[in-house]
Amino acid sequence: MAAAADGLGSIAIDTTQLNMSVTDPTAWATAMNNLGMVPVGLAGQQLVTDSICVSGFDPSLSMMTGITPINPMIPGMGLVPPPPPTDVPVVKEIIHCKSCTLFPPNPNLPPPSTRERPPGCKTVFVGGLPENATEEIIQEVFEQCGDITAIRKSKKNFCHIRFAEEFMVDKAIFLSGYRMRLGSSTDKKDSGRLHVDFAQARDDFYEWECKQRMLAREERHRRKMEEDRLRPPSPPAIMHYSEHEAALLAEKLKDDSKFSEAITVLLTWIERGEVNRRSANQFYSMVQSANSHVRRLMNEKAAHEQEMEQAKESFKNALTGILTQFEQIVAVFNASTRQKAWDHFSKAQRKNIDIWRKHSEELRNAHSEQLMGIRREEEMEMSDDDSGDNPSKKLRVDESELDPVGFWMQLKEVQHANVLALSFCFLSACRDSSVVLRNTHRTQQTLAAQAYALKEENDSLRWQLDAYRNEVELLKQEKGQLFRTEESLTKDQQLQFLQQTMQGMQQQLLSIQEELNNKKSELEQAKEEQTHTQAMLKVLQEQEVNVLTVALVNQDREKNSEKRNQGLKSEKEALLIGIISTFLHVHPFGANIEYLWSYMQQLDSRISANEIEMLLMRLPRMFKQEFTGVGATLEKRWKFCAFEGIKTI
């Protein structure tokens with residue numbers, strides 16, 4: 001009992017040292033060996049010896065003391081000690097079987113090498129078997145590792161063993177390096193050194209792929225179920241049109257709370273084409289009910305806008321109060337920095353007061369800029385409202401009613417209209433210029449250059465307006481910083497300056513409009529010239545077409561004559577021409593085609609009179625045809641005239 005207690009005390013009951021997987025059967029088989037128990041499915045001698053098991057552990061402890069047996073498969077049990085260090089070699093002992101004995105390798109030798117484990121490997125390669133080893137002996141040795149499904153033995157002292165599970169392969173790899181001896185024989189054929197390694201089998205890989213596909217299907221199914229659970233519900237189906245449903249829908253359209261749902265149904269019915277001559281009055285009443293909600297929606301919008309304005313006003317008032325308090329705080333810091341109070345503070349206190357004063361001034365300036373931005377936006381909105389109420393207001397205003405912001409907005413509108421007119425003129429000129437002659441192209445290019453110059457002038461005017469606007473903003477900022485008396489003094493000067501600027505800009509705009517009118521008249525003249533030139537082009541094109549047709553007819557005639565006058569095509573024709581030339585040269589008064597054909601038929605019976613005549617007609621410079629005789633004796637004769645052509649040349 002004391003030894004058992006010592007054995008249990010030496011076991012590290014710390015779950016952090018358990019670095020093996022809970023679902024790894026190999027690790028649990030090793031743990032069961034360490035506890036002195038034979039793993040399930042393994043019969044015979046233990047593969048792991050007692051030298052690496054827990055020291056001082058008595059397997060019969062639970063039977064003797066009545067303690068409930070401990071299940072090492074329970075998660076969280078730390079009864080298995082940490083694995084031995086990797087640098088300490090595992091001591092292998094002799095394994096005795098019925099038909100053979102396995103002797104361990106030399107512990108000083110390096111461990112046997114293995115290849116990379118294939119995925120889903122259940123098959124091992126066993127080499128170095130004795131020559132007299134049979135399948136029964138191999139099965140007896142490797143049955144201790146697990147259930148064997150197949151053994152494929154070769155004649156060259158190796159075999160492949162396929163196990164039922166993957167973890168059994170690790171047990172078989174443990175036997176690599178052992179020397180196997182059959183019985184007690186010392187014959188060389190009865191001994192061999194085993195080499196066990198992973199084998200790559202198609203069946204293992206197929207089963208592993210099937211398992212992976214099954215897991216992927218389960219994962220897809222799980223994701224689909226999750227997506228279906230999280231998918232928002234589909235909208236309710238819209239009923240078909242009927243008089244009863246239309247009456248119910250008309251009541252819903254009158255209810256503000258059900259208006260959104262009812263208007264969707266009405267839109268769907270109209271899109272489906274349910275409106276006909278019979279149901280038109282009913283649909284008209286429903287559309288009229290929908291129109292009655294427009295006033296309600298406008299009232300709601302006005303109420304929300306009023307709430308927004310009130311919120312803006314309250315925010316502006318609160319920001320003004322905050323800014324006033326910041327001014328008071330800054331005034332306190334400024335009073336503290338005066339010499340009367342500054343001399344009584346220490347150096348550290350002065351430093352803190354200076355930092356606080358700078359920080360307060362930065363915050364005061366930021367809030368002041370924000371408040372000025374809000375006021376500027378309000379002024380812009382007021383100017384937009386004024387311009388919207390009077391859209392036909394002229395640019396010239398009285399001195400007492402001068403509004404700089406409204407003037408800028410109107411000036412921008414005029415400027416935008418000028419740019420659009422210039423771009424329209426330029427695009428129309430470019431579009432028409434693609435079908436005219438060079439002179440018209442030059443005219444349009446000059447017009448485009450003039451339009452571009454006008455555009456540049458307009459851009460320069462816009463930049464001047466931006467500069468004037470920046471100057472006015474600077475004047476406004478300076479005006480806000482001065483006292484009210486100074487504002488009243490400088491306001492007249494600013495108004496006069498703006499009036500002068502406005503008058504100058506108006507004059508420039510009038511001159512630009514006059515130039516635009518002139519350019520428009522020039523463009524109209526150019527269009528008239530283009531139409532005239534287009535008419536001339538059409539006439540010229542028709543003349544060119546007639547000339548081309550005449551030229552094509554002449555070319556066809558020349559080609560036909562060339563075809564007639566083309567040279568010889570074969571050696572046979574050259575031979576015929578030579579014979580005919582000789583024959584006609586001997587007959588200076590010529591010969592008719594029948595006489596010539598009868599002579600040639602003696603040389604070549606397959607030749608015809610028509611073929612001879614066509615050959616003679618193809619060579620008008622060598623042979624010519626003449627009519628001889630009078631009345632009934634009139635006949636056609638062919639003569640040889642090649643020498644006459646040479647004499648004339």
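Why does Glu 166 count as partly exposed? The relative accessibility of Glu 166 is 30%, which puts this residue in the partly exposed class (buried is under 20% relative accessible area, exposed is over 50%, and partly exposed lies in between, with a 1.4 Å probe and protein chains only). Welcome to a few close-ups of a predicted model, in which local features need pLDDT of at least 70 and side-chain atom pairs count only at pLDDT 80 or more, while totals for chains, interfaces and linings use all residues. Residues are numbered from 1 along each chain as its sequence is written, and side-chain values use heavy atoms, with hydrogens and water left out.

**View 1. A negative patch on the surface includes Glu 166.** Here Glu 166 is joined by Glu 143, Asp 147 and Glu 165 in a surface patch of negative charge. Members of such a patch have over 30% relative accessible area and no salt bridge, and like charges are joined within 9 Å. Asp and Glu count as negative, Lys and Arg as positive, and His and the chain ends are not counted; each charge is placed at NZ of Lys, CZ of Arg, CG of Asp or CD of Glu. To find Glu 166 along the chain, look in the loop between β5 (158–163) and α5 (167–173). Helices (H or I, at least four residues) and strands (E, at least two) are DSSP runs, numbered from the N terminus.

**View 2. Four strands build an open antiparallel sheet.** Their order is β1-β2-β6-β7. At the edges sit β1 (95–96) and β7 (191–193), each paired on one side only. Pairing requires that DSSP finds at least two bridges between two strands. A hairpin of three residues leads from β1 to β2, and these two strands share two antiparallel bridges, with His 96 facing its bridge partner Thr 101 in β2. Four bridges then link β2 to β6 in the antiparallel sense; in this pair, Leu 102 is matched with Met 180 of β6. Met 180 also has a bridge partner in β7, namely Gly 192, and the antiparallel pairing of β6 (residues 179–182) with β7 runs over three bridges.

**View 3. Side chains of strand β2 point two ways.** Along residues 100–103, Cys 100 and Leu 102 point one way, whereas Thr 101 and Phe 103 point the other. Which of them are buried? All four are.

**View 4. Strand β3 pairs with β5 and with β8.** The antiparallel pairing of β3 with β5 covers five bridges, and that of β3 with β8 (residues 195–198) covers four. Val 124 is a good place to look: this residue stands opposite Ile 161 in β5, and its bridge partner in β8 is Phe 198. β3 is mostly covered, with four of its five residues buried.

**View 5. Lys 122 and Glu 207 meet in a salt bridge.** Their side chains come to 2.9 Å, N to O. Lys 122 belongs to the loop between β2 and β3 (123–127) and Glu 207 to helix α6 (residues 202–230), so the contact ties together parts that are 85 residues apart in sequence. A salt bridge is a side-chain nitrogen of Lys or Arg within 4 Å of a carboxyl oxygen of Asp or Glu. Lys 122 is buried at 15% relative accessibility, while Glu 207 is partly exposed at 33%. How many salt bridges does the structure hold? There are 25.

**View 6. Glu 327 and Arg 364 form a salt bridge between two helices.** The closest N and O atoms are 3.0 Å apart. Glu 327 lies in helix α10 (residues 293–336) and Arg 364 in helix α12 (residues 347–389), so this pair ties together parts that are 37 residues apart in sequence. Glu 327 is partly exposed at 37% relative accessibility, whereas Arg 364 is buried at 16%.

**View 7. A nonpolar patch on the surface gathers Ile 270, Val 275 and Val 287.** Together these residues offer about 220 Å² of accessible area (Shrake-Rupley method, 1.4 Å probe, only the protein chains shown counting as cover). In such a patch, nonpolar side chains (Val, Leu, Ile, Met, Phe, Trp, Tyr) are joined within 5 Å. Val 275 is found in the loop between α8 (259–272) and α9 (280–291), and its relative accessibility of 42% makes this residue partly exposed.
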